[in-house]
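Biologist: I'm new to this structure, so could you take me through one part of it, a pair of packed helices, and tell me how they sit against each other?

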Amino acid sequence: MADQLSTRRILPRGHRPAAGRRAATDRRLGYALVAPAVIVLLAITAYPIVANVWNSFHFDNLSFGALPHRFVGVDNYGKMFSSAQWLAALERTLGFTVVTIVVDIAAALGLAVMLNRKFVGRGVVRASILVPWAVPTVVSALLWKTMFDPRAGFVDYFLGGIHPAWSSLTWLNASVWRSWAVIFIADSWKNIPFVAIILLAGLQVIPTEVYEAARIDGATGWRAFRRVTLPLLKPALVVALIFRTLQALLVFDVVFIMTGGGPGTSTETLSFFNFFTFIDSTDFGYGGAISVVLVLLALIVAGGYVRLFRTDQT
Amino acid sequence: MNAAAVASAGAAARPRRRARSRRKAVRETLFYLAAAIVVLIALFPFYWILRTSLESSAQVAAGVGGRNGVIPGHLSFSAYTAIFRQQHFLTPLINSVIVALATTVLTVITGSLAGYALARMNLRGGGAILAFILLAGFFPPLAMIGPLFLLFRDLGILDSIYPLILVYCVYTMPITTWLLKNFFEQIPRELEEAALVDGASRLQTLRRVIIPVAVPGVFTAAILSFILAWNDFIFAVSFLRTQSNFTAPLSIVTFGESQFQVFYNLIDAAVVIISIPIALLVLLAQRRIVSGLTAGSFR
């Protein structure tokens, strides 16, 4: 920096060394190269959040198009926090998230440990778990909807072989718990592989010498896994936890396609409720308030994990 | 130690060794059994979808059992002809291809420019810019649809696939930029410095030297972008209204619904068709996808 300034002062224009000139144009060029990506992302994320905050303090419902967008203070937030439907959706979403994290991380850890071993057919196993991750959510949702259909699916067909009364169980939109079970299965089937791939990458960067050292110290099997593998896997676990928690917290399309929130409203999640408020009720003020809280919730979760694991390490 | 003692010690060790090797064999068998179960859980549903899609509507109505068991007694392509002839599935398929390809091109170009600048040009505030791009990937899609719905409505582009190209960048841009930034960082600096010394400009260097070396990284980014854009449901269901403007995932949800019965053969035929390009990408580029997903995610 200082170098550049001094040469600029001494040398007349056009006689600056190429390197200095390059550094100056480089910086401008650098920002120009970053600009398109940043502008696109600002337009589709920053603009909506600002607009949501603004809308959330206003009355803005397209169904009452003639009414002015008047300022209503925190009325939308008050309505939300006292809404039984929103509170129930919050409770369900948090419950779903906790169960999902516990089960999915455990299953993914098992898968990752399996794939970390060299064995005949490892490529086949890895390719086959990638397929459920890569197909659209629409596919995973409709696929499991077919599987759990009493007529078209195999679940009741096989269950009927165990016990005749189970041959025509209705799963979706009949019982609350069975509906949740099917949603959970479809969602986990699709998302466990991604978590497993991240954890696998974490396992692969642990040097084998560490295990050898542990074995010399007498730690093998489960002890070695708990004392050696898990602590070293922490960075990968943080990444996996953040991804999976946010996904579960924002779950929408599986629910929309499989149950449409039913039976009744018993599988409505926060994102589903927000979608309904925007698109069906066209209430952009109230919906804005719900969105703002959704973003805050996501930020708290992500920030919480980062903080939790950072203080743990020092 | 006399000969008898050595012999008896050897005899005692043999069964112990045999027991250990048997235990090892049992453990190996269990391991392979577990691996087989994983593959079965991942793939059996796809077999079932294919099987259902090859049933006639009458077979679906009759339910599983008898001649329609796990292996169907009779195959029919009626579901496939029905979704193309009666449900006009080709239009949403073409819409999806257009949007996914356009998103991929847009993301790969802007993402590699940004990734290059962030990797090589010592931008002031580069860390903050990268943090913003990555954070955008965690932004709740549902918090985007309200204001974007109003904006597209005011611009008269609400029921159109073209704004989706921009919106899908929220899925594709963060991972692409991150992946390519890591990729550019691994290319030796000497390569471009040689070109710069030879008098090439930055952009010329980028085009002639860096991009050819970066082709594998760009390719990985393109595959991931295509998958992510192809898979969207949330934005399509929020913004699109007319059947002929639907993307493929959205149009499937409206298939096979009749008042009395759901025709799973129609739904599953469409499910098979939209899964095929994704399954092919996974099979052909398995390694690339895995390395792309995990590119320097924790260092």
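Modeller: Here is a walk through that helix pair, with a little on the chain around it. This is a predicted model, where local features need pLDDT of at least 70, side-chain atom pairs count only at pLDDT 80 or more, and totals for chains, interfaces and linings use all residues. Residues are numbered from 1 along each chain as its sequence is written, while chains are lettered from A and ligands numbered from 1 in the order in which they are written.

Let's start with chain B, which is divided into domain 1 (3–78) and domain 2 (87–254); such bounds come from an automatic or database domain assignment. Taken over C-alpha atoms, the centres of these two domains of chain B are 41 Å apart.

Now the pair: helix H5 (residues 126–136) of chain B and helix H8 (residues 169–186) of chain B. Helices here are DSSP runs (H or I, at least four residues), numbered from the N terminus. The axes of H5(B) and H8(B) come within 7 Å and cross at roughly 140°. Axes are lines fitted to C-alpha atoms over the stretch in contact, with angles from 0 to 180 degrees between N-to-C directions. H5(B) and H8(B) are therefore oblique to each other (under 35 degrees is roughly parallel, over 145 roughly antiparallel, 65 to 115 roughly perpendicular, and the rest oblique).

Who touches whom? On the H5(B) side, Ile133(B), Leu134(B) and Ala136(B) meet Val170(B), Met173(B), Pro174(B), Thr177(B) and Trp178(B) of H8(B), contact being C-beta atoms, placed from the backbone, within 7 Å.

Notes
Helices (H or I, at least four residues) and strands (E, at least two) are DSSP runs, numbered from the N terminus. Two residues are in contact if their C-beta atoms, placed from the backbone, lie within 7 Å.
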